[in-house]
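Take a look at the model below. The text after it walks through a few places worth inspecting.

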Amino acid sequence: MFERLTERLEQVFKRLRGYGKLKEHHIDEALRQIRVVLLEADVNFKVVKEFIAKVKEKSLGERVLESFTPTQQVVKIVRDELIELLGGEKSDLIFSSKAPSILMLVGLQGSGKTTTAGKLGKWLRKRNHSPLLVSTDVHRPAAQEQLKVVAEESGLPVFSDNSSSPLKVCFNSVKIAKREGYDVVVVDTAGRMHVNKELMDELSILKKEIQPTEVLFVADAMTGQDAVRSAKVFNESLDLTGIILTKLDGDARGGAALSIKSVTEKPIKFIGVGERYDDLEPFYPERIVSRILGMGDVLSLIEKAEAAIDRKEAQELEEKIRNESFTLEDFQSQLRHIGKMGPLSQILSLFPGSTKLKGMDLPDVNEADLKRIEAIINSMTREERLNHTIINGSRRKRIARGSGTSVQEVNRLLRQFAQTKRMIKQLNLISQGRRGIKLPLPFFNGN
Ligand SMILES: Nc1nc2c(ncn2[C@@H]2O[C@H](COP(=O)(O)OP(=O)(O)OP(=O)(O)O)[C@@H](O)[C@H]2O)c(=O)[nH]1
Ligand SMILES: [Mg+2]
C-alpha cells in the first residue's frame, strides 16, 4: 500500500537527518519536497497546500529548531497532520436502535460495491450481527445473480425478488429481515459509469424512503482524484455518512485516501485490501499513517496473527525470531498459519521497513503449494530440518524423489527459507532493542 509515497517520504526525512544542524531553509526545502511527493501521489492540490502550510507553521512555531531532535519533531508534525488529514479518530459503523439497521452502499460502476457487500456482511457476522444482503440493481439482469454468488461464497443470506422497482425490492427485504430476525440489511445499489441525474434521483428516492442508517460511498482508490470528485458529487446529493475505499492492495498512489476526507468532510470507515471476503479492515488513520511513514502497522499485524495463531505459539515464535533459531520445521508450521492470515505479501506489507524487503521471492501460499512444501519438508530427516545447510546435491535429489517433486522445487523451497531467515534478521535489526509489543519507529532513532 502506497509504497512509492513511503519511499519518497523516507528519502526526504533521511536527507533532513543528514544535516548537522537543522536551519529554517532546510525545513523549507523538505516541505517543498513533501509537496511534490504528495502531488505525485495524486493528492488534491488544495489539500496539499493546506497541509504544507500547517506543517510549516508548526515546524517553525514550536521551537523545533532549538530542540535536541529537530528532525524527529518535524517527522512527528508530519505524522500528526497526516493523521488529521485522514480524519483523526477511527470512525465506527452506526447501528439503528430499531432493527434492522440499513447500510446502503453507493458508488460508480466497478468501484467494488457488490464485493464489499459480501465483505461487510462477513465482517458483521463475525461481530455477532446477522446481516441480510439485497441488491436494488434491477436494471442489469446479472446484478442480482452476482450478489447471489457473492452471498454464497461468503456464506451469507441474500434476498431477491422479481420486483421491477429498487424501492419495492428494498422494502420487501426489510420486511423479511424483520420477520426472520436479521438485524442488518446491506443494500447493494446499481452503479453507473459516470455520475448522472437518473442514478442520483433513484438513490435519493431510495434514501428518502428507506431511511438508511448509513449511506456509504464505495470508492475505488486506484482511480485517485476521480474517486474524490465523484465522492463530492454523491455527498452533495445524498449526504453520505461515510466512505469505504477499495483496492488499496493495488498500486493506488494514496491520493484518494489522503484527499477524500478533507474534500467531503465524511470519514473513511473501512478499506478493502484484496479480493477475498476477509480483506476488509476498519480504517484506523493512525495505523495507515504508520504504514505511509514506513513504520509498519504492528497493531494490525498482531491482530491478524492473534486471529490465526494461539498465544503460546506466538510467543514461542517471537522468541525464535529474536534468536534467529528459526528452522525448516518452524517454517512449515508458520506457512500453515500464514495460509490462514492471508497472502504473505499482504502480511509483510504490515512490517516496519517492509519497503526495504521488496523483490524477494517469497512463497504466496495456497493449498496446493502448502501440500507440496509439506511433502518436501516431510521427506527430510530431522537433522536436515534442524540444519538446512547440510542439504547438499545428493540429499536434494533424495528429498525430491521422496516427496514426488523435483530438485528445482526443493531448491526453490530452500531458497525461500533462506530468504525468510534473512528477512527475519533484517526485521530484527530494524526493531533491535525493543521488547514486548514494540512500536518500531525507525525515524525516531538517533538524529
Ligand atoms: N484487489 C481488489 N479488488 C477488489 C476490491 N474490491 C473489489 N474488487 C474487485 O473489483 C471488481 C469490481 O467489483 P464489484 O464488487 O463487482 O463492483 P461494483 O461496484 O459492484 O460494480 P457494478 O455493480 O458494476 O457497479 C471485482 O473484480 C472485484 O473483485 C479490493 O479491495 N481489492
Ligand atoms: Mg455490483
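What follows covers the ligand site, a helix pair and two backbone details.

The model is predicted. Start at ligand 1. Its shell holds 19 residues, and those that come nearest are Gly 110, Lys 113, Thr 114, Thr 115 and Asp 249. What is the chemical make-up of this shell, counted as nonpolar, polar and charged? Polar residues number 11, charged residues six and nonpolar residues two. Helix α5, spanning residues 113-126, supplies four residues, the largest share of the shell.

Now look at individual polar contacts. Oxygen atoms of ligand 1 take part in each of the following pairs. At Gly 110 the partner is a backbone N or O atom, 2.9 Å from a ligand oxygen. Arg 140 uses its side chain instead: an N or O atom there is 3.0 Å from an oxygen atom of ligand 1. Lys 119 also brings in its side chain, with a polar atom 3.1 Å from a ligand oxygen. How much of ligand 1 does the protein bury? Taken alone, ligand 1 exposes 650 Å², and 80% of that is buried by the protein.

Move next to the helix pair α1 and α2. Helix α1 covers residues 3-18 and helix α2 covers residues 24-40. Their axes come within 10 Å and cross at roughly 175°. Angles over 145 degrees count as roughly antiparallel, and α1 and α2 are therefore roughly antiparallel to each other.

Which residues make this contact? From α1 come Arg 4, Leu 5, Arg 8, Leu 9, Val 12, Phe 13, Arg 15 and Leu 16. They meet His 26, Glu 29, Ala 30, Gln 33, Ile 34, Val 37, Leu 38 and Glu 40 of α2. By class, the contact has nine nonpolar, five charged and two polar residues.

Finish with the backbone. Ala 99 and Pro 100 are joined by a cis peptide bond, with omega at about -5°. Pro 100 sits in the loop between α4 (70-85) and β1 (101-106). The other detail is at Asp 239. Its phi is near 45°, a positive value in a residue other than glycine. Asp 239 belongs to the loop between α9 (225-238) and β6 (242-246).

How values were computed. Residues are numbered from 1 along each chain as its sequence is written. Chains are lettered from A and ligands numbered from 1 in the order in which they are written. This is a predicted model: local features need pLDDT of at least 70, side-chain atom pairs count only at pLDDT 80 or more; totals for chains, interfaces and linings use all residues. Side-chain values use heavy atoms; hydrogens and water are left out. A residue is near a molecule or strand if one of its heavy atoms lies within 4 Å of it. A polar contact is a pair of N or O atoms within 3.5 Å; within protein, one must be able to donate a hydrogen and the other to accept it, and residues adjacent in sequence count only if both atoms are side-chain atoms. Accessible areas come from the Shrake-Rupley method with a 1.4 Å probe; for residues, only the protein chains shown count as cover. Helices (H or I, at least four residues) and strands (E, at least two) are DSSP runs, numbered from the N terminus. Ala, Val, Leu, Ile, Met, Phe, Trp, Tyr, Cys and Pro count as nonpolar, Asp, Glu, Lys and Arg as charged, and the others, Gly among them, as polar. Axes are lines fitted to C-alpha atoms, for helices over the stretch in contact, and angles run from 0 to 180 degrees between N-to-C directions. Angles under 35 degrees count as roughly parallel, over 145 as roughly antiparallel, 65 to 115 as roughly perpendicular and the rest as oblique. Contact means heavy atoms within 4.5 Å.
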